Amino acid sequence: MRKRIRKILVTGGAGFIGSEFVRQAVKGGLEVTVIDKLTYAGDLRRLKGIPLRFHKADICDKKAIELVIKRRNPDTIVNFAAESHVDRSILKPQDFIATNVTGTQVLLDAAKKHAVGLFCQISTDEIYGDIKKGEFTEKSPFLISP
Ligand SMILES: NC(=O)c1ccc[n+]([C@@H]2O[C@H](COP(=O)([O-])OP(=O)(O)OC[C@H]3O[C@@H](n4cnc5c(N)ncnc54)[C@H](O)[C@@H]3O)[C@@H](O)[C@H]2O)c1
């Protein structure tokens, strides 16, 4: 049986939905650590007044990520850190490959190495593109963005 979730590491926690997740997690009694690179999309004001530990770091930075995991010893990682605007992925794909692919790999490797029990990867339905009728399933092809 899985152990109770108590200490979570939220990456991208200064972003639009990451910050709301953080607010609710703290309200729910969890001990929260946030890692965020504070790109143009990150805003620390969203976390103002919320009791948590904050580390400014890039999820591609293996050393920094491992240091935080060692220090905070989370039982769960929730990854919201992303380049998130699909239009920008077409204009500047390298940032997306770095954060969304390499950064996620760095987090997964660190989670495995430090035996973090649960890893939750946040994605988006935008990968499916628009639909005129009916609904997508998780088996639908990815249409919109490389
Ligand atoms: N906003 C939505 O309605 C929505 C809906 C469904 C899914 N999602 C998905 O949820 C995730 C987060 O979305 P959002 O809207 O909060 O995005 P956002 O752009 O508002 O926030 C992303 C956060 O990640 C941080 N970040 C970016 N690169 C980083 C890096 N290399 N290292 C550390 N931090 C980094 C940014 O500073 C920012 O705080 C994305 O994967 C997005 O596709 C968003």
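**The ligand and its pocket**

Twenty-three residues surround the ligand, a residue being counted when one of its heavy atoms lies within 4 Å of it; of the 23 residues, I17, D36, D58, S84 and S123 come nearest. This is a predicted model, in which local features need pLDDT of at least 70 and side-chain atom pairs count only at pLDDT 80 or more, while totals for chains, interfaces and linings use all residues. Residues are numbered from 1 along each chain as its sequence is written, and side-chain values use heavy atoms, with hydrogens and water left out.

By class, the shell around the ligand holds 11 nonpolar, nine polar and three charged residues. Here Ala, Val, Leu, Ile, Met, Phe, Trp, Tyr, Cys and Pro count as nonpolar, Asp, Glu, Lys and Arg as charged, and the others, Gly among them, as polar. Helix α1 (residues 16-27) supplies the largest share of this shell, three residues; helices (H or I, at least four residues) and strands (E, at least two) are DSSP runs numbered from the N terminus.

Polar contacts (pairs of N or O atoms within 3.5 Å) involve the backbone. An oxygen atom of the ligand is 2.8 Å from a polar backbone atom of I17, and a backbone N or O atom of F16 lies 2.9 Å from a ligand oxygen atom. For T39, the distance from a backbone N or O atom to an oxygen atom of the ligand is 3.0 Å. On its own the ligand has 830 Å² of accessible area (Shrake-Rupley method, 1.4 Å probe), and the protein covers 84% of that area.

The ligand takes up the space of the largest pocket, given that a molecule sits in a pocket if more than half of its atoms lie within 2 Å of its grid points. A pocket is an open set of points on a 1 Å grid over the protein atoms alone, where a 1.4 Å probe fits, with protein on both sides within 12 Å along at least five of seven lines; lining residues have an atom within 4 Å of a point. The lining numbers 43 residues, and A82, E83, S84, N100 and T124 lie nearest the pocket centre. Seven lining residues come from α4, which gives the most.

Key: A polar contact is a pair of N or O atoms within 3.5 Å; within protein, one must be able to donate a hydrogen and the other to accept it, and residues adjacent in sequence count only if both atoms are side-chain atoms.
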